[in-house]
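Trainee: I've got a structure open and I'd like to learn how to read it. Can we go through it together?

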Amino acid sequence: MGGDDNRPMSIQASTSISVAPHTEGATLLSDWGVIRATGEDAASFLHGQLTADILGLGEGQARLAGFCSAKGRLTASFVAWRAGADVLLACGADVLAATLKRLSMFVLRAKCKLSDASAEVPVWGVVGPAASGQAPWTVSMAHGGQLVHLPPALGLARGLWVGPSGQAPLVAALPANTWQVLEVASGVARVVAATVDQFVPQMVNFELVGGVNFKKGCYPGQEVVARSQYRGTLKRRAHLFEINGPALPGQEVFHSDDPQQPAGMVVLAAGSGNAPTVALVEVKLASLASGTLTLGSPEGSVLRWTPLPYELPSEAP
């Protein structure tokens, strides 16, 4: 878990997030979709559009990547990997159509064809031993498909499995909300419709989990992202919180010392059974020093801070 440098000075804290022990299995992820890029210029085209090094993406490797607006704000996020000569981009299903349309506008004369491959290769979330044995951001063959190994969450191995439509990984069924809790607890942001164009990558810790390559050259919004990295201390970061009651991406949070304006926004949130909702929330770092954060309004449910699974830079309290 994250170290003491992540701990706010006085914001209310919770115990660490947990899920049922010995959790394992697979679930079809209806909130994910896949864009396929094919053609001899597929990798070079995507390299010039996304925050990650796609030209350097080899067989058996995966990358976290973002697609930014000219303002440097994330309009989509991807898990990218190669499938033969193609590049597959797994992303939120509710941003796929708009993202595919916008990406396609930039293809121009590049020998690259983009298509929605969600029906051909649906995405499954796999948790437990079936997803273990490989380093994060690697790809292995499993059960007739590809398994993209993701960073673990709450000590559990996780991966995205894609294979032919109608086929499934040969592991037990996993409750969808268990996968969702683990996704949030991993601290790896995924852009959904409610958060499009809201966050510069660093505001959701995207560069800390491998989503930004600062040496790869230009892409839309690159100058803004670079300035955010090098101009000085960041004023906003994503943290994990527990909340009693439901929470949704895009909901604003408020701080007791300045209730007239939002102090942040929910990036992802999920609940499991009677347990509190776990939420990845982008917040003003100053709001963590004292007082109380609440969801939706100054009178909303209180947010209780819980550690991230990785360290934040020294600008964090």
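Mentor: Sure, and here's a term you'll need: a polar contact is a pair of N or O atoms within 3.5 Å, where, within protein, one must be able to donate a hydrogen and the other to accept it. Also keep in mind that this is a predicted model.

Trainee: Over which residues does pLDDT stay under 50?

Mentor: Taken as a whole, the chain averages a pLDDT of 93, and 93% of the residues score at least 70. Where pLDDT is low, the predicted coordinates should not be read in detail. The stretch to treat that way, with pLDDT under 50, is residues 1-5.

Trainee: Okay, on to the sheet. Which strands stand at the edges?

Mentor: The sheet is open, has 5 strands and uses antiparallel pairing, in the order β3-β4-β5-β2-β6. An edge strand has a single partner, so one side of it is left without a neighbour in the sheet. The strands at the edges are β3 (62-68) and β6 (113-116).

Trainee: And which residue stands opposite Trp81?

Mentor: Look at strands β4 (residues 74-83) and β5 (residues 86-92), which run antiparallel and are joined by 5 bridges. Opposite Trp81, in β5, you'll find Leu88.

Trainee: Is Asp86 buried or exposed, and what is its relative accessible area?

Mentor: Asp86 is found in strand β5. Buried means under 20% relative accessible area. Asp86 counts as buried because its value is 12%.

Trainee: Which side chain does Asp86 join in a polar contact?

Mentor: Leaving out residues up to four places away in sequence, Asp86 touches Ala37, Thr38, Trp81 and Arg36. A polar contact needs a distance within 3.5 Å. At 2.9 Å, the side chain that makes one with Asp86 is that of Arg36.

Trainee: Which residues touch the most other members of the largest nonpolar core?

Mentor: As a rule, in soluble globular proteins, nonpolar side chains tend to be buried together. Here the largest nonpolar core has 54 residues, and those touching the most other members are Val79, Trp81 and Leu160.

Trainee: Which helix gives the largest share of this core?

Mentor: That share is 5 residues. There's a second, separate core of 25 residues too, including Cys91 and Val95. For the largest core, though, the helix you want is α3 (residues 176-185).

Trainee: Last one: which strand is included in what covers the buried residues of α4?

Mentor: In helix α4 (residues 222-230), the buried residues are Val224, Val225, Ala226 and Ser228. What covers them includes strand β3.

Note on methods
Residues are numbered from 1 along each chain as its sequence is written. This is a predicted model: local features need pLDDT of at least 70, side-chain atom pairs count only at pLDDT 80 or more; totals for chains, interfaces and linings use all residues. Side-chain values use heavy atoms; hydrogens and water are left out. Two strands pair if DSSP finds at least two bridges between them. Helices (H or I, at least four residues) and strands (E, at least two) are DSSP runs, numbered from the N terminus. Buried means under 20% relative accessible area, exposed over 50%, partly exposed in between (1.4 Å probe, protein chains only). Contact means heavy atoms within 4.5 Å. pLDDT is the predictor's confidence in each residue, from 0 to 100. A nonpolar core is a set of buried Ala, Val, Leu, Ile, Met, Phe, Trp, Tyr and Cys residues joined through side-chain atoms within 4.5 Å.
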